[in-house]
Amino acid sequence: MIQCKQLSFSRAGKTLVDQASFQLHPGHRVGLTGANGAGKSSLFALLQGQLLPDSGELLLPPDWVMAHVAQETPALEQSALEYTLDGDTELRDLQHKLALAQQDAGLDQTLVGEWHQRLAEIDGYSAEARASTLLAGLGFTQDQLARPIKDFSGGWRMRLNLAQALMCRSDVLLLDEPTNHLDIEAVIWLESWLNTYRGTLLLISHDREFLDNTVNHILHIEQCALTLYRGGYSDFERQRSERLALQQAGFQKQQAQMAHLQQYIDRFRAQATKAKQAQSRIKALERMELISAAHVDSPFSFTFRAPAQAPDPLLVLNHAKLGYANQVLVTLAHLAIRPGERIGLLGKNGAGKSTLIKTLAQSATLLAGDRVEGKDLRIGYFAQHQLEQLIATDSPLQHLQRLDPNTREQELLDFLGGFDFRGNMAKAPCGAFSGGEKSRMALAMLIWNRPNLILLDEPTNHLDLEMRHALSLALQAYEGGMVMVSHDRTLLGTCCEQFMLVAEGKATVFDGDLDDYKTYLQQPAGNSALPVTTAAVKQNSYHQQKADRQARLAERRPLVKKLAQLEIRMAALTEAEAHMQKQLADPDIYQSEHKEALQGLLIRQAENQKQLNDVEGEWLDLQTALEALPEVA
């Protein structure tokens, strides 16, 4: 097993984890979570011996084999299949020895026999078949197996690195964001593979559904502490929220006790008759073990600004042929996007989803057909390559000021705060920002422009779980049209109401949801019919189902939108309450000269608490009403 004893480690002088202890056993599949910069990758570096602890121990059995995904792949002439086989180092060693044995007849044949026996024990004779299965699951075609690595793009080379790590017969498997370069098909396959893995898995991922479907423990890094939870990510969220709620209640109770003790001390310590009691309270205050305030609020809080106009339809494509350099990649008979429509694009990487998004954004990839924009169409387009268009020397504030020079600086700073660009960071050059910070900046600029049609191509790459959740809430309340490509099924499932399938050179309406799509992918090759999953589906036509679904969505949408608004309001009121609690914990405010300030603060606290109670009550009523409505299948 992996043992961690009183472990502390840091990077660049910053303590990441302090005095952590835990145990991981074979069969534990562990999701490693925490805010960006909390120390997840550093813990991986410790496990690989690339970083030394400041104190404590991190122990692994000396004979355990560890596999991890290489971050770089050289442009080799070696084939994809041979590169994958290299992941099993013992296999390669035995193959090399046996190849030499064929050339040297003088070798001890008993030893050669032992090599053959060991090769059989590790299923070496079926290694090529296993490697081919891995590559097929990750999206490689049979023709690609013999292609040299140098012919593949960066994203496909990362898939090869993942295949090599999976090929290793490891005792410990470290995976850091393995789904970043995968499409939904490959993600679903990887989930199935990981659920059969018998070793100890440590997985860093910002995809909550992927975590829920693969892990049975969560190891969470927060405030320099490591806490191990049982269950998947949803179980972790519930357990953590319950623990933090208790912690927050204890913190507030203790702060009130401390304020009361301090008030008594300040009032009576100078009086001889009360000095003894005051001293006893001073000692009680010193002995009190401080409870930390619970940090449960997401740093992100934003909504899409309401579009100024909303033409209907927003955008139409007719008899479209899409591609590059006169080579048609996708054909589409008709697509009309209307306000409020939320379309998710499904299909394998390379099928043409991004090409369709680009055609909707502008007509450069439209080889034939018509692209008709509605009057006052305002498109917000997000794609990873747009991050490169950020000006490295400019700050987030300067980027927004360029978009809208007439808006007050404080209003722009308040808006940027919702994306966690606060204080000095809002005015710092963005050239040194991480990928996640640049993605947040690009999203902030998109939202500020008030688009009535948003086009999102893998918007969650580099975004952490908290930001993904905030984006999901904002998209659910958005009133314009939306088309999205994403491998994040949680985002697709919560924000998209209909889907299009891009496959075999065509973009067509997909008659189902993500569960249907998963079943569709599991059908034998050549059978492209949409699976029938329930008796209700058999009895009703698709069009009736769609009409029923749209009606249910229309009934739920205003409630979902209102809930999102209330959650933002609750977060603001909760933050205000925490700020006032901090002020009340300051002994100086109980001095006589601050009497009016104290009274004003207490009045504001009471008003804030009343508003919070009202908002929470309204939220509960809406949640109850939403749960009473039929589910959207």
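A salt bridge is taken here as a side-chain nitrogen of Lys or Arg within 4 Å of a carboxyl oxygen of Asp or Glu. Arg422 and Asp420 meet this criterion, with their closest N and O atoms 3.1 Å apart. The structure is a predicted model, and 21 salt bridges are found in it. In general terms, side chains of opposite charge can pair when their charged atoms come close. Both partners of the pair just named are partly exposed: Arg422 has a relative accessibility of 43%, and Asp420 has one of 24%.

Two further pairs are set within helices. In helix α3, which spans residues 89-103, Asp93 and Lys97 lie 4 residues apart, or about one turn of the helix. The closest N and O atoms of this salt bridge are separated by 3.3 Å. Asp93 counts as partly exposed because its relative accessibility is 37%, a value that falls between the limits of 20% for buried and 50% for exposed. Lys97 is likewise partly exposed, at 29%. Helix α20 (residues 595-628) holds the second pair, Lys610 and Asp614, again 4 residues apart and about one turn of the helix from each other. Here the closest N and O atoms are 3.1 Å apart. Lys610 is exposed, with a relative accessible area of 54%, whereas Asp614 is partly exposed at 43%. Beyond such pairs, a network of salt bridges links Asp88, Glu90, Arg118, Glu121 and Arg169.

Attention now turns to the beginning of the chain. Three strands form an open sheet there in the order β2-β1-β4, and their pairing is antiparallel. The edge positions belong to β2 (14-24) and β4 (55-59); each has a single partner strand, so one side of each is left without a neighbour in the sheet. On average, neighbouring strands of this sheet are turned by 30 degrees against each other, with direction ignored.

Strand β1, made of residues 2-11, pairs with β2 in the antiparallel sense over 7 bridges. The register can be followed through individual residues: Gln3 has Gln23 of β2 as its bridge partner, and Ser10 stands opposite Thr15 in β2. The two strands make up a hairpin with 2 residues between them, and Ala12 in the turn has a positive phi of about 55 degrees. For anyone tracing side chains along these strands, it is handy to recall that in a regular strand the side chains alternate between the two faces of the sheet. Helix α1 (residues 40-47) lies across β1, β2 and β4, and its direction is at about 120 degrees to β1.

A last region of interest is helix α17, residues 514-521, whose buried residues are Leu514, Asp516, Tyr517 and Tyr520. These residues lie on the same side of α17, because they cover an arc of only 150 degrees around the axis. Elements from several parts of the chain contribute to their cover: helices α7 (184-194) and α16 (489-495) are included, as are strands β12 (342-346), β17 (498-503) and β18 (506-510). At the start of α17, Asp513 provides a polar contact, with one of its side-chain oxygens within 3.2 Å of the backbone nitrogen of Asp515.

Terms used
Residues numbered from 1 in each chain as written. Predicted model: local features only at pLDDT ≥ 70, side-chain atom pairs only at ≥ 80, totals over all residues. Heavy atoms only, no water. Pairing = 2+ DSSP bridges. Axes fitted to C-alpha atoms, helices over the stretch in contact; angles between N-to-C directions. Contact = heavy atoms within 4.5 Å. Buried < 20%, exposed > 50% of the residue type's maximum accessible area, 1.4 Å probe, protein only. Arc of directions from axis to C-beta. Polar contact = N/O pair within 3.5 Å; in protein donor to acceptor, adjacent residues only side chain to side chain.
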